[in-house]
Amino acid sequence: MISDSPVPAVVPAGRMAGMEQPVLGLPGGLELRPWQLSDADVLVTAGRDPAIHRWNRLPEETPEGARRRIERMHERWRAERSAIWAVARPGREAMGLIGWGDIDLAGGSAEIVYWLLPAARGGGVAVEGTKRLGEWALNDLGLHRLRLCHSVANPASCRVADKAGYSFEGTMRSALLHADGWHDQHLHALVQGDA
């Protein structure tokens, strides 16, 4: 028999907006914290980095544009559409970005996004941040499925996914337009109960 009742939301609307964005600790004295307007220059610097610019489609060219982007990050938290953190040492400026985009509370899913400035690369920061945000999204927020997607031409992100425990699920053909054309993407996922 088919029920007339709709499928309940995995995470009720208002849950995320009703909480303050937390500061989350990482190994090595790093933390994930909300972006601050004083971090605007970091977004401009990131937009000029060739590796960040290659894999991320949203570079900021001016401090004014970067400040508007940071304000939108806070608005999107309240609208329950994304949850973006700065990777930083306590009291210092950001050295990277990591967070959840494409949040679907009702469907219980989100997609991770991240980048690191050159000085923060190579030490496992992306892996630790991805693990920590997975714990927060699954255990604290209550999502069910987390995605990590990356261009097949970006093997570093494939290593992050593997080390963070995201299972490889397949290749999405011609899935994302980059500056140099359409890229196939690998799809990795972590679901409730994997860890």
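Let's start in the middle of the sheet, with Glu111, whose bridge partner in strand 6 is Arg147. One thing to keep in mind as we go: this is a predicted model. Just before that pair, Ala110 has Leu146 as its bridge partner in strand 6. Strand 5 and strand 6 are parallel here, and three bridges pair them.

Now turn to the other side of Glu111. Which residue stands opposite Glu111 from there? That is Gly101. The neighbouring element is strand 4, residues 96-104, and seven bridges join strand 4 to strand 5, this time antiparallel. The two form a hairpin with four residues between them. If you look into that turn, you'll find Gly108 with a positive phi of about 75°.

So how enclosed is strand 5 by the rest of the structure? Six of its eight residues are buried, so strand 5 is largely enclosed.

Let's zoom out for a moment. The whole sheet is open and has eight strands, in the order 1-2-3-4-5-6-8-7, with mixed pairing. At the edges sit strand 1, residues 24-25, and strand 7, residues 167-178, each pairing on one side only. And if you follow the chain from strand 5 through helix 4 into strand 6, you trace a right-handed β-α-β unit.

While we have the strands on screen, a word about backbone angles. In general, most residues other than glycine have a negative phi. Two residues here are worth a look with that in mind. Asp102 is not a glycine, yet has a positive phi of about 50°, and you can find Asp102 in strand 4. Ser174 is the other one to look at, with a positive phi of about 45° although it is not a glycine either. Ser174 belongs to strand 7, and is partly exposed at a relative accessible area of 41%.

Next, helix 5, residues 155-163. Which residues of this helix are buried? They are Ser157, Val160 and Ala161. Looking down the helix axis, those buried residues fall within an arc of 95°, so they line one face of helix 5. The face turned away from that buried side carries Asp162 and Lys163, both exposed. What do the buried residues pack against? Strand 5, helix 4 (125-141), strand 6 (145-151) and strand 8 (181-191). After helix 5 comes Gly165, with a positive phi near 90°.

For those of you who think about cysteines at the bench, here is the disulfide count: zero. Cys149 is in no disulfide, and the nearest cysteine sulfur, on Cys158, is 11 Å away. Cys158 is likewise in no disulfide, with the sulfur of Cys149 as its nearest, 11 Å away. A disulfide here would need the two sulfur atoms within 2.5 Å. Are these two cysteines buried or exposed? Cys149 is buried, with a relative accessible area of 15%, while Cys158 is partly exposed at 22%. The cut-off for buried is under 20%.

Both of these cysteines touch a histidine, His186. His186 lies in strand 8 and counts as buried, at 16% relative accessibility. Leaving aside neighbours within four places in sequence, which residues is His186 in contact with? Along with Cys149 and Cys158, the contacts are Leu148, His150, Val152, Phe168, Gly170 and Thr171.

Last stop, the nonpolar interior. The largest nonpolar core has 36 residues, and Trp85 and Trp100 touch the most other members. At least two residues of this core come from each of strand 3 (83-88), strand 4, strand 5, helix 4, strand 6 and helix 5. Which of these gives the most? Helix 4, with eight residues. There is also a second, separate core of 16 residues, and among them are Leu43, Ile52, Met73 and Trp115.

To pull it together, keep strand 5 in view: antiparallel to strand 4, parallel to strand 6, and packed against by the buried residues of helix 5. Thanks, everyone, and I'm happy to go back to any of these views.

Key: Residues numbered from 1 in each chain as written. Predicted model: local features only at pLDDT ≥ 70, side-chain atom pairs only at ≥ 80, totals over all residues. Heavy atoms only, no water. Buried < 20%, exposed > 50% of the residue type's maximum accessible area, 1.4 Å probe, protein only. Arc of directions from axis to C-beta. Contact = heavy atoms within 4.5 Å. Pairing = 2+ DSSP bridges. Right-handed = clockwise from strand over helix to strand, strands pointing away. Core = buried A, V, L, I, M, F, W, Y, C linked by side-chain atoms within 4.5 Å.
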